[in-house]
Amino acid sequence: MKAIVTPTESQETTTKPVDGSSGKKLSIRSKHGLFEYLRVTLLNALEHVGWPVFWVVLALVLIIPSAAFLVLAVSPHLFGQGSAWFSLSSFSSALSGVTLQGMRNSVVVGVVAAIFATFVGSFLGFGLQRTNMKGKAVFSVAIWGILLLPSYIIAVGWQVLLDRGGVLSSINLFSPKLLNLFFGPVGYALILGIKGVPFAYFAVAGPISSLGSSYEEAIRTHGGGRIEVLRTLGPVLLPAVFSALVVVFAESVADFGTAAVIAPNAHFPVATYNLYVALSSYPANFSEAAVIGWMLVTVVGVALAVQHHFTKRRRFATLGGKATAARIKQVGFWGQSAILFGFFAFFAIALGVPTLGALSSSMLKPLSSMSLGNLSFFAYRGIFSVTGFGSSLVFSFKMAVLNATLAVVLAAIVARRLTSSKVGLIGKLLDVTVIIAIALPGLVLAAGYIFAYNLPILQSIGLHLYGTVTVLAMAYLAGALPSSSRVLLGPMAQIQGSLLEAARVNGSRAFVSWRKAVLPLLAPSLLWAWLLTFAGTFLELPASELLAPPGVTPVSVAIVQILNKSNLYQGTALSIVALLIDLGMIVLVMMVFKVLAPKGWRRVGGRVI
Amino acid sequence: MLSLGHISWIVSIAMNQNSKLRRSFKLKAMGLVGGISAVTLSACGSSASSSATPSSAAAAKKVPLVVYAAEGYDAAIVKGFQQATGIPTELEDHSTGTLLAKISAEANNPQWGVFWSDGSESYAALDQQKMLLRGFEPNTGTLTPLGKSLVPADKSYIPTGTTIAGAIVYNSNVVKSPPTTWNQLLSPTWKGAVGMNNPAISGPTYPVVASIMDQKGGVSQGEAYFKALAANGLHVYSTNKVTLGALLQGTIKLALVQNSAGIGFEYTNPSLKVAYLDKSALLPGIIGIDAKQPAAEIAEAKKFADFVYSKAGQALMLSGDPHGDSLFFPIIVGTKAHKVVPSLASIPTDYPNPVVWGPREASLNQWFTSNIVQ
C-alpha cells in the first residue's frame with residue numbers, strides 16, 4: 001500500500017517555476033555559445049515574469065469583474081445602483097423567505113445530482129477505459145452529446161414523453177403522478193445529474209485509465225483478492241472522485257438553463273432562478289443578485305473545503321515514469337451484455353428523451369401528435385439563407401478555438417499550482433478565486449464585466465475596453481477557466497513529482513521538463529478540457545448577449561434573435577444545426593488526436609480517446 | 001511556465017485600447033500549447049455600419065448612434081435609416097429583459113443612444129431616474145388620437161405603434177368557444193388549461209399583470225385574482241417561446257401572449273386563433289432617447305425617431321417582421337395596419353397609467369415569482 005501512494009516530499013523544490021537559483025546554475029552550464037546563452041537568458045526572464053503576468057491576467061479576467069459584482073451586495077451606490085454607499089439590507093432581505101428557501105433547495109438538488117453523476121460517470125469510465133466492451137467510440141461521442149444538449153430541448157423531450165397526449169399516453173401508460181414527479185424536484189435533480197455526468201466522466205476517466213495494472217498485480221501477488229484491490233485502489237482515485245463530485249455540485253447549484261425551464265413549473269424555488277428574476281426585472285435588483293452570488297460562492301467554497309480536507313492529507317500520485325497502460329479487462333458475453341445494458345439504459349434516458357424533444361420541437365408539424373408521419377424538415381428549409389448566420393458561425397468558431405486554447409493553458413497552470421504540496425498564501429488566494437468564479441453563473445460574471453470595464457474613470461484614462469471583442473474574449477475565458485481547471489485537478493494530482501525531478505536532474509529547465517515529462521501523460525485530459533471549453537464557448541449565451549459589441553453576433557445570440565422574432569421552429573432548427581456543428585468539431589478533433597498525437601501521448605491515458 | 005500566448009494576449013488588450021469605433025479588431029494569440037501555433041481573429045462589425053463614412057468632413061460630425069432595440073423590425077429600420085441619413089448606426093438587438101439589464105448595469109456610463117422596445121412602464125421608471133431626454137416629439141408624422149393618448153406629459157418617450165399585451169391564443173380545433181372575460185378563466189372549464197409568461201422574465205408580460213390589477217381595482221384585488229388563477233392550475237413559463245410551444249404541444253389550451261405573436265402564428269397554423277378578453281392591455285412600442293449622451297448623438301437619435309415617424313420608416317415597420325412585430329396597430333395618421341390585424345375599435349382596451357404602474361414593476365414581479373410561480 002505504501003508503495004502505491006508514493007511520498008514525494010522533495011517534489012516542490014523542483015516544480016517551482018520561478019526558482020531563480022536553478023536557472024543560474026543552468027546558465028553557467030550552458031555558456032557554450034552566444035545563442036544558447038541568449039536562449040537561456042530569455043527563458044530565465046520568462047520564468048521570472050511568468051507568475052506576475054499570470055496574476056495580472058487572472059485579476060483582469062476573473063478577480064476584478066467578480067469583485068465588482070459581489071461588492072454590490074453591500075455598496076449599491078458604487079456602480080450607480082442605489083443611494084447607499086454601505087448597506088446590509090440586501091443581506092437581511094435575501095436571507096429570508098423565497099431566497100433562502102431557493103438556496104436550500106439548490107444545495108439539496110446539487111448534492112443529489114453530484115452523487116448520481118459521479119456514480120454514473122465512474123461506471124462509464126470503468127466500462128470505456130478498462131473493459132473490452134463494444135461501441136466505445138460511439139459512446140465517447142454520446143457523452144459529448146449530453147454535454148451539449150440545451151436544457152430547453154431536454155425539458156420538451158420529457159414533456160412529449162410524459163404529458164397527457166404524449167408518447168406514454170399513446171400506449172396507455174400516462175400517469176399524472178409520474179408527470180408531477182418529473183416536473184418537480186426529482187426531475188430537476190435528475191436532469192442536473194444527467195447534465196453532470198460528462199463532467200464527472202472527464203474527471204474520473206483519465207485517472208481510471210492511467211491507474212496502471214502494476215498496482216493491481218502487486219496486490220494480487222501479495223495474495224489480495226478483488227475486494228483488496230478495490231479497497232486499496234479506491235482511495236487512490238479519491239482526488240478524481242472528489243473533483244467529479246465538486247464540479248458537478250458547483251455546476252448544478254450554478255445552473256441557469258434547467259432552472260429557467262423546469263423550476264418555475266415545479267413550484268420549486270432555486271437560487272439561480274431567484275437570481276435570474278432579480279436581474280431581469282426593471283430596475284434590476286443587482287444587490288439582491290449579488291447576495292445570492294455570495295451565497296453560491298459560500299456553498300461551493302464549503303464543498304471545496306471538504307474536498308481539500310480529504311485529499312490534502314495524503315498524496316495520490318500514480319502517474320510516474322514506470323506507469324504502464326492499464327490492462328483491459330476481457331469481459332465475457334454475459335459481462336459485456338450487462339455493461340452494454342447499463343450503457344443503453346443510461347443513454348436512452350440521457351439522449352433518447354431529448355432527441356424526442358428535438359424532433360417534436362423542430363420537425364413535428366404544428367399541432368400534430370408524435371408519430372413518424374407527422375415529422376418533416378419544413379423548419380430546416382432555408383435556414384442557411386438566414387442573413388448573417390454564416391458569419392455568426394465563423395465568429396463563434398474562432399472565439400471558441402481561441403478561448404479553449406487560452407483556457408487550457410491557464411487551467412493547467414492553475415491546477416498545477418493547486419495540487420502542489422506547498423500551497424502557501426498565493427495558492428490559497430488562487431483557490432478562492434477559482435471557487436468564486438465556478439460558483440457565479442455566467443450572467444452574473446457578465447454583469448460584473450459591465451460594472452468593472454464600463455467605469456467612466458477607465459475611459460477618462462483612455463482605456464476603452466467595454467464594448468470590444470477583447471472584453472467578450474476575457475469573459476469567455478473567465479467562464480471556462482474554473483471548470484476546466486477543476487477537470488484537470490484530478491489528473492494533475494496523480495502526476496508523480498519524481499518525473500519532474502528526473503527531468504530536472506538531467507538538466508532540463510522547469511518548463512521543458514514539464515513539457516517533456518508531464519505533458520504526454522496529461523495530453524488526453526488536456527484535450528478534454530480543450531474540447532469542453534470549445535463546446536461551451538461555441539454556444540455560450542449570457543456573456544455573448546451582454547458583452548458582444550454592436551454588429552458582432554455570436555451564434556447563440558443569432559438563434560435567440562430568431563426565436564424572438566416569433567419564429568419558433570426555425571430558431572429550434574438553427575440551434576440543432578449549431579449543436580451538430582459543435583459535436584462534429586469534437587469528433588473531428590478526437591480523430592485528429594488519434595491520428596497525429598505521438599504514440600506515447602495516447603498510450604498512458606490513450607484509450608479514453 | 002509562461003507561454004507567449006499570455007504576453008500576446010495582454011498586448012492585444014493594450015492594442016485594443018483605441019476602440020471607440022468598436023468595429024474591427026484583431027486578437028492574436030500565438031505560440032500556444034501543444035503545437036497550436038496561431039489563431040488570428042478578425043471580428044468585423046456589420047458591413048453597413050463600417051462603410052458609412054462618405055467623406056472625412058462628414059465623418060467628423062457623425063458619431064456612431066447606438067440603438068438598443070427589441071423589435072422584430074429593428075434591423076430593417078436601422079438599415080433604412082443609415083441609407084437615408086448616412087449616420088453610422090450600431091444595433092444591439094436583444095430581448096427587452098436583456099437590454100434593460102444592460103441599461104441598468106451601464107447606469108454609471110450609458111452606452112445607448114436610442115432604446116426601442118414594447119411597454120411604457122420601464123420608460124416611466126427610466127424617466128424617474130432622469131435618464132431620458134424630455135420634451136421631444138418627432139414632426140415627420142401626425143399622431144392619431146390613440147397615439148396622442150400614449151404620449152406622456154413630459155414627452156420623455158415616443159410611442160411608435162401599439163399591440164395588445166395579453167391576448168388569448170388557442171387552437172380552434174380543440175377550443176370551440178374561447179373565453180371572453182378574465183373571470184371566465186377562473187371557471188372549471190379552464191382548469192389547468194391556461195398558460196402565461198413570468199412577468200419578471202418576459203418584458204411584455206408585466207403590462208398584462210398591471211392591467212388586470214388596474215381593472216380589478218388595485219394591487220390587493222389583483223393579487224387575489226392571480227392567486228385564484230394559480231389555484232385553477234395556471235401554467236407559468238419563462239417566455240413567449242415556451243408558452244406557445246406548450247400550446248402547440250397541447251399541454252395548455254389557452255396561451256396568454258402578445259397578440260402580434262399570436263396573429264403571426266396564424267400564418268403557419270391556420271387553426272390557431274386570437275381572442276381578446278375584456279379589457280386587453282395596450283402594449284405600445286416606445287422609443288426613448290438617452291439624455292446623458294453628447295449633443296451630437298442626441299441630435300442623431302432625434303433624427304432616428306423622425307425617420308421612424310416618416311412614411312419610409314412606417315413602411316419598414318410594417319415589412320420588417322411580417323409574421324411578428326410588424327402586425328401592430330399603427331398610431332400615425334395615414335399608416336394602415338396589415339389586413340390580418342383586427343380593427344382596434346372592436347377590442348375593449350385598457351392602458352394603466354405607466355407613471356403609477358411603472359415604479360411597481362420590480363415589487364409586483366417579485367410578488368408574482370414568490371406567490372404564483374413558486
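Start with Ser280 of chain B: its bridge partner in strand S13 of chain B is Thr349(B). That bridge belongs to the pairing of S12(B) with S13(B), residues 349-350, which is parallel and has two bridges. Keep in mind that this is a predicted model.

Now the other neighbours of S12(B). Strand S5 of chain B, residues 114-118, runs antiparallel to S12(B), and five bridges join the two. To place the register, take Val114(B), whose bridge partner in S12(B) is Ile289(B). Strand S6 of chain B, residues 157-164, is also antiparallel to S12(B), over seven bridges. In that pairing, Ile158(B) has Ile287(B) as its bridge partner.

So how many of the ten residues of S12(B) are buried? Ten of the ten, across residues 280-289, and therefore the strand is largely enclosed by the rest of the structure. The cut-off behind that word is 20 or more other C-beta atoms within 10 Å of the residue's own.

Next, helix H12 of chain B, residues 295-309. H12(B) has 15 residues and spans 21 Å from first C-alpha to last, close to the 21 Å expected at 1.5 Å a residue. Its buried residues are Glu297(B), Glu300(B), Ala301(B), Phe304(B), Ala305(B), Phe307(B), Val308(B) and Tyr309(B). On spacing in general: an α-helix has 3.6 residues a turn, so residues three or four places apart point the same way.

What do the buried residues of H12(B) pack against? The strands are S3 (65-69), S5, S6 and S12 of chain B. The helices are H4 (74-85) and H13 (311-319), also of chain B. That brings us back to S12(B), the strand that pairs with S5(B) and with S6(B).

Conventions
Residues numbered from 1 in each chain as written. Chains lettered and ligands numbered in written order. Predicted model: local features only at pLDDT ≥ 70, side-chain atom pairs only at ≥ 80, totals over all residues. Buried ≥ 20, exposed ≤ 12 C-beta atoms within 10 Å, placed from the backbone. Helix = DSSP H or I, 4+ residues; strand = E, 2+ residues; numbered from the N terminus. Pairing = 2+ DSSP bridges. Expected span 1.5 Å × (residues − 1). Contact = placed C-beta atoms within 7 Å.
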